[in-house]
Amino acid sequence: VTALERSGVKDPGARLALIRGMRTATLLLKNGPFGTKEIDALKAFCRERAFDTAYFPGIGPGEDERFNRLDRPYFGEATRALLAPGRDDWIDRYKFMIAPATDDRPYFFHFFKWSSLRELLRLKEEGALPLLEWGYPVLVATLAQAVVLSATLILLPVVVVRRRLNEEARVREAGVAGYFAALGFAFMFVEIAFIQRLVLFLSHPLYAVAVALAGFLLFAGLGSRFSDRFAPHRTGRRVRTAVATIIAVGLLYLFALPVLLPPLMGLPDAAKVPLALVLIAPLAFPMGMPFPLGLARTHRIAPSLVPWAWGVNAFASVIAAILATLIAMHLGFTAVVMVALALYGVAALLVPREGPTATSE
């Protein structure tokens with residue numbers, strides 16, 4: 001229904017028909033309204049084979065359940081509700097997540113709702129447990145586990161490390177942690193969102209992962225290598241320049257890629273893969289700079305914090321891979337990118353600063 005409406009169809013119900021048996025259902029979609037002869041043929045087909053016509057244009061009372069009866073004509077009621085003006089409210093009140101999937105939220109099998117969990121567990125003895133989609137709760141549990149372990153393994157070393165830090169380094173400890181955590185989250189968020197965008201363009205998740213990972217690692221590595229050409233006392237300025245470039249390119253891609261890529265999807269893979277790498281380069285190259293620049297600055301401030309900074313960044317990257325999926329399931333990959341760009345902005349504000357004797361930036 002949503003796809004038809006977005007295509008400009010004013011009466012989606014005139015182009016849809018739904019028939020069902022005991023265990024299966026078949027949705028028919030016509031490029032144009034169903035005619036009387038077609039509806040008659042559909043009803044005859046169902047009558048001869050003991051199928052039920054859950055919906056067809058102009059269906060009347062009592063026509064939706066004849067052979068495979070339920071307590072209530074749920075399929076017919078649901079179909080009419082999805083075709084009615086107030087379907088958004090009906091979807092919100094439904095026991096499962098059935099909002100239509102989109103390119104921005106491509107989770108076709110995400111049906112879980114926390115509000116239904118208690119009822120499903122209560123009815124498990126009556127066969128309701130197979131209706132529980134375990135993927136989402138397991139993902140949330142994995143995130144909670146990762147957060148607890150990360151917090152433990154990041155905070156415990158502080159007890160040991162702080163003994164070797166001078167007073168000035170202790171003051172900067174929180175800023176160092178925030179800087180490298182923000183970079184870890186932001187880098188992974190952008191990378192995962194870009195993989196999803198390339199799935200549509202390259203037509204296969206395997207190709208998208210291979211091309212995106214190779215492209216980001218290659219060009220971010222080149223950016224890291226290039227960053228050592230900057231003078232140490234200009235670290236903050238260079239980080240802010242790199243972040244400004246990341247934010248500008250990221251915002252441009254959010255609006256440009258959905259328009260640019262679809263017309264090029266018919267190209268052969270030999271052309272699409274290099275094109276994808278070319279698109280990755282302007283974004284990945286500056287993304288490789290803030291980490292080594294911040295690490296070099298941290299080494300000058302407090303060398304004992306360097307391995308800890310590595311750990312903070314690594315743990316943030318692990319958590320980000322899970323968190324990005326959860327954000328995309330609820331808000332979409334556009335929101336994942338926006339959060340990533342905001343985190344890069346936070347990192348630019350948290351660049352580790354040297355003491356008052358350091359050269360001004």
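Helix H7 gives the lining of the second largest pocket its largest share, seven residues. The second largest pocket holds about 410 Å³ of space, and the residues closest to its centre, out of 22 that line it, are Ala193, Arg197, Tyr253, Leu257 and Pro258. The model is predicted: local features need pLDDT of at least 70, side-chain atom pairs count only at pLDDT 80 or more, and totals for chains, interfaces and linings use all residues. Residues are numbered from 1 along each chain as its sequence is written, and side-chain values use heavy atoms, with hydrogens and water left out.

**Pockets**

- A pocket is found on a 1 Å grid over the protein atoms alone, as an open set of points where a 1.4 Å probe fits, with protein on both sides within 12 Å along at least five of seven lines; lining residues have an atom within 4 Å of a point.
- Grid points are joined across faces, edges and corners, and a volume is the space filled by probe spheres set on the points.
- Helices (H or I, at least four residues) and strands (E, at least two) are DSSP runs, numbered from the N terminus.
- At least two lining residues of the second largest pocket come from each of H7, H9 and H13.
- That lining is made up of 16 nonpolar, three polar and three charged residues, where Ala, Val, Leu, Ile, Met, Phe, Trp, Tyr, Cys and Pro count as nonpolar, Asp, Glu, Lys and Arg as charged, and the others, Gly among them, as polar.
- The largest pocket contains about 2000 Å³ of space; 44 residues line it, and Ala78, Leu82, Trp90, Tyr94 and Ile98 are the closest to its centre.
- Two or more lining residues of the largest pocket come from each of helix H1 (2-6), strand E1 (16-20), strand E2 (25-29), helix H3 (74-83), helix H4 (87-93) and helix H5 (114-122).
- H3 makes the largest contribution to the lining of the largest pocket, with seven residues.
- By class, the lining of the largest pocket has 27 nonpolar, five polar and twelve charged residues.

**Strands E1 to E3 and helix H3**

- Five of the five residues of E1 are buried (under 20% relative accessible area, 1.4 Å probe, protein chains only), so the strand is largely enclosed by the rest of the structure.
- Leu16, Leu18 and Arg20 are buried on one face of E1, and Ala17 and Ile19 are buried on the other.
- E1 pairs with E2 in the antiparallel sense over five bridges; strands count as paired if DSSP finds at least two bridges between them.
- Leucine 18 has leucine 27 of E2 as its bridge partner, and a hairpin of four residues joins E1 to E2.
- E1 also pairs with E3 in the antiparallel sense, over three bridges, and arginine 20 has aspartate 52 of E3 as its bridge partner.
- Gly76, Ala78, Thr79 and Ala81 are buried in H3, and the buried residues of H3 pack against E1, strand E3 (52-55) and H4.

**Nonpolar cores**

- A nonpolar core is a set of buried Ala, Val, Leu, Ile, Met, Phe, Trp, Tyr and Cys residues joined through side-chain atoms within 4.5 Å.
- The largest core has 68 residues, of which Phe194, Leu198, Phe216, Leu283 and Tyr344 touch the most other members.
- Helix H7 (167-202), helix H8 (205-227), helix H9 (235-260), helix H10 (269-287), helix H11 (290-301), helix H12 (306-331) and helix H13 (333-349) each provide at least two residues of this core, with the largest share, 20 residues, from H7.
- Apart from the largest core lies another core of 14 residues, among them Leu4, Leu16, Phe34 and Phe56.

**Individual residues**

- Contact (heavy atoms within 4.5 Å) is listed below without neighbours within four places in sequence.
- Leucine 198 is in contact with Ser203, Ala208, Val211, Ala212, Ala276 and Ile280.
- Glutamine 196, in helix H7, counts as buried because its relative accessibility is 17%; Asp103, Pro106 and Phe333 are in contact with glutamine 196.
- Alanine 309 lies in helix H12 and counts as buried, at 0% relative accessibility.
- Alanine 309 touches Val176, Phe180 and Leu295.
- From C-alpha to C-alpha, alanine 309 and alanine 141 are 26 Å apart in space, and they are 168 residues apart in sequence.

Definitions and conventions:
Buried means under 20% relative accessible area, exposed over 50%, partly exposed in between (1.4 Å probe, protein chains only).
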